[in-house]
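Me: I am new to this structure and would be grateful for a close look at a single part of it. Please take the place where the chains meet through their strands, and then set that part in its surroundings.

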4 protein chains.
Amino acid sequence: MFEKVIEPRMSETDRAGHINNTVIPVWFESGRDEIFKLFTPDLGADAWKMVIINFHVHFVHQLFYGKPVIVKTWIKEIGNTSLKVYEEIHQESTLCAKGEAVYVNFDLNEQKTERIPDDIRKILSLHMVGNK
Amino acid sequence: MFEKVIEPRMSETDRAGHINNTVIPVWFESGRDEIFKLFTPDLGADAWKMVIINFHVHFVHQLFYGKPVIVKTWIKEIGNTSLKVYEEIHQESTLCAKGEAVYVNFDLNEQKTERIPDDIRKILSLHMVGNK
Amino acid sequence: MFEKVIEPRMSETDRAGHINNTVIPVWFESGRDEIFKLFTPDLGADAWKMVIINFHVHFVHQLFYGKPVIVKTWIKEIGNTSLKVYEEIHQESTLCAKGEAVYVNFDLNEQKTERIPDDIRKILSLHMVGNK
Amino acid sequence: MFEKVIEPRMSETDRAGHINNTVIPVWFESGRDEIFKLFTPDLGADAWKMVIINFHVHFVHQLFYGKPVIVKTWIKEIGNTSLKVYEEIHQESTLCAKGEAVYVNFDLNEQKTERIPDDIRKILSLHMVGNK
């Protein structure tokens with residue numbers, strides 16, 4: 001499992017008083033940084049590889065400004081060219097949101113999908129959902 | 001159907017060159033403004049009612065900065081206290097993203113769900129998916 | 001003067017009840033789209049030119065979700081390689097925020113500044129502050 | 001000095017390849033969390049006090065996705081009801097952005113400014129610019 005601690009921001013709340021729902025995909029994407037780095041080792045400069053196909057989010061409990069959250073990310077499926085992640089956000093030991101996202105390994109210059117390389121598969125397989 | 005035109009922003013692109021995927025839920029939420037207004041007539045001041053339960057997004061085609069997008073929102077189901085919307089984003093006549101979201105009519109002060117009032121049902125029913 | 005109408009978003013409010021202050025630079029940047037287009041004609045694909053040097057924002061009046069805002073942008077100074085804009089945000093005929101930003105015409109590939117071309121100067125000069 | 005480490009996000013980059021300029025005020029605001037907490041002890045629930053009057057940002061060096069940044073915040077001036085902060089963002093030991101912001105201690109319910117209490121002044125004075 002990959003884990004990232006995030007401090008919610010005042011700008012991420014909304015006038016209903018909690019973290020706005022559109023912030024959750026931003027935190028989930030941030031939780032995938034270590035996965036992105038496998039495909040794009042220099043995140044700031046190398047050609048980008050991972051293209052998102054879909055994602056869904058289930059809201060379980062309100063999230064608040066002022067307490068850190070933990071984003072947890074597992075690998076759920078590794079296909080030939082694609083990858084599914086399962087992810088959760090916890091605040092004060094409460095599960096507040098969960099979701100899944102599917103990516104494809106895509107060469108933006110060549111505009112075609114590529115098989116996920118074996119060395120990356122090996123690392124990803126250490127983070128499978130079963131290993132919770 | 002509810003329809004909203006949005007001009008993508010430079011700040012909504014990412015270093016892969018297109019609109020970042022986390023922006024799509026923001027545009028979809030903005031497309032629901034007219035629905036929110038039914039439950040919270042003064043969007044800037046009245047007590048907020050609609051609480052999101054889940055949403056999913058499917059990415060069909062890359063979205064670009066520099067051309068307006070149209071967000072289209074239909075009502076898919078009206079339950080006793082809940083509401084499901086179906087939504088699409090188009091750019092230059094191409095369907096680029098589609099999704100669904102489920103809301104519940106929730107009184108945040110009383111912390112309990114409320115039946116969707118009949119007058120709101122009547123208006124929502126004019127925007128059902130079948131009426132595409 | 002360049003003018004853009006923006007509909008504030010629920011996700012742009014914060015738990016104090018108004019539009020969060022960090023949204024204002026986003027709206028101001030969006031108001032500069034027509035200027036960016038002069039330097040980068042295909043905003044979605046051409047090499048990006050304008051690099052921001054500084055900006056400041058003064059908050060004059062609270063901004064609310066639920067009513068459109070107008071972003072107004074004037075050219076304040078045209079230097080050899082740089083450009084200063086003056087900008088305002090109005091909601092319901094009230095001036096709510098004003099600011100300035102300085103950009104330089106910069107070739108990111110060559111990593112050097114470039115003189116602002118004469119044809120662009122001509123267009124920019126039609127939008128000078130004096131022409132309010 | 002208050003200090004906060006932030007991991008830049010893919011969604012915070014733009015198509016020019018770096019962190020978008022509108023993200024910097026978001027990081028600076030996040031760097032002020034400890035100051036907000038002095039005025040609003042329960043950041044998630046208590047009545048909000050601090051209202052921003054103005055801010056400016058100077059961009060010194062490009063910021064990149066993939067490396068953590070440090071936000072440093074000093075108190076520059078303490079007035080009767082107002083407060084000025086000076087702030088910097090560093091990435092890999094390079095100063096990348098600096099700025100100032102002015103807040104006023106404002107009761108949103110009563111709609112009036114309030115003197116900054118003595119116990120808060122005492123704490124703030126430990127973080128003055130001179131103490132770099």
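Reply: Two strands are said to pair if DSSP finds at least two bridges between them. The model discussed here is a predicted one.

By that criterion, strand 2 of chain A pairs with strand 2 of chain B, which spans residues 50-59. The two strands run in the antiparallel sense, and the pairing extends over 5 bridges. Within this pairing, A:H56 has B:H56 as its bridge partner.

The relation between the two chains can be stated in terms of a rotation. A turn of 180 degrees, with a shift of 0.0 Å along the axis, lays chain A on chain B with an RMSD of 0.0 Å. In chain A, the C-alpha nearest that axis belongs to A:H56, at a distance of 2.0 Å. The residue nearest the axis in chain A, A:H56, is thus the one whose bridge partner is B:H56.

The pairing of strands belongs to a wider contact. Chain A contributes 17 residues to the contact, and chain B contributes 17 residues. On the side of chain A that touches chain B, helix 1 (23-31) and strand 2 (50-59) of chain A each supply at least two residues. Strand 2 of chain A gives the most to that side, with 8 residues. By character, the residues of the side of chain A that touches chain B divide into 10 nonpolar, 5 polar and 2 charged. Since 100% of the interface residues of chain A are also interface residues in chain B, the copies meet through the same surface.

Chain B also has a contact with chain D. There, 9 residues come from chain B and 9 residues from chain D. The side of chain B that touches chain D consists of 2 nonpolar, 5 polar and 2 charged residues. Chain B is superposed on chain D by a rotation of 180 degrees with 0.0 Å of shift along its axis, at an RMSD of 0.0 Å. This is the relation of a two-fold axis. Here too a shared surface serves both copies, for 100% of the contact residues of chain B recur in chain D.

The build of a single chain gives the setting for these contacts. Chain A contains 3 helices and 6 strands, and along the sequence they follow the pattern β-α-α-β-β-β-β-β-α. The radius of gyration of chain A is 16 Å, close to the 14 Å that the globule rule gives for 132 residues, so chain A is as compact as a globular protein of that length. Its C-alpha atoms fill a box of roughly 45 × 30 × 25 Å along the principal axes. Of the 132 residues in chain A, 39% are buried. Among contacts in chain A with a separation of 6 or more, 67% link residues 24 or more positions apart.

Chain D shows how strands pair inside one chain. Strand 3 (residues 69-78) and strand 4 (residues 82-91) of chain D run antiparallel and are joined by 9 bridges. D:I70 has D:H90, in strand 4 of chain D, as its bridge partner. These two strands form a hairpin with 3 residues between them. Strand 4 of chain D is also joined to strand 5 (residues 94-107) of chain D, again antiparallel, by 10 bridges. In that pairing D:V85 stands opposite D:A101 of strand 5. The hairpin of strands 4 and 5 of chain D has 2 residues between the strands, and in it D:E92 takes a positive phi near 50 degrees.

Helix 1 (residues 23-31) of chain D is mostly covered, with 9 of its 9 residues buried; among them are D:W27 and D:F28. By contrast, D:V129, in the segment after helix 3 (118-124) of chain D, is partly exposed, with 13 other C-beta atoms within 10 Å. Beyond its neighbours within four places in sequence, D:V129 is in contact with D:W74, D:I75, D:K76 and D:Y86. The C-alpha atoms of D:V129 and D:Y86 are separated by 7.4 Å, although the residues are 43 apart along the chain.

One residue of chain C touches several chains. C:Y65 lies in the loop between strand 2 (50-59) and strand 3 (69-78) of chain C. C:Y65 counts as buried, with 23 C-beta neighbours inside 10 Å. Setting aside residues up to four places away in sequence, C:Y65 touches A:R15, B:L43, B:G44, C:P8, C:M10, C:T13 and C:I19. C:Y65 and C:T13 are 52 residues apart in sequence, yet 6.8 Å apart from C-alpha to C-alpha.

Technical notes
Residues numbered from 1 in each chain as written. Chains lettered and ligands numbered in written order. Predicted model: local features only at pLDDT ≥ 70, side-chain atom pairs only at ≥ 80, totals over all residues. Contact = placed C-beta atoms within 7 Å. Nonpolar A, V, L, I, M, F, W, Y, C, P; charged D, E, K, R; others polar. Least-squares fit on C-alpha atoms with pLDDT ≥ 70 in both. Buried ≥ 20, exposed ≤ 12 C-beta atoms within 10 Å, placed from the backbone. Helix = DSSP H or I, 4+ residues; strand = E, 2+ residues; numbered from the N terminus. Rg over C-alpha atoms; globule rule 2.2 N^0.38 Å.
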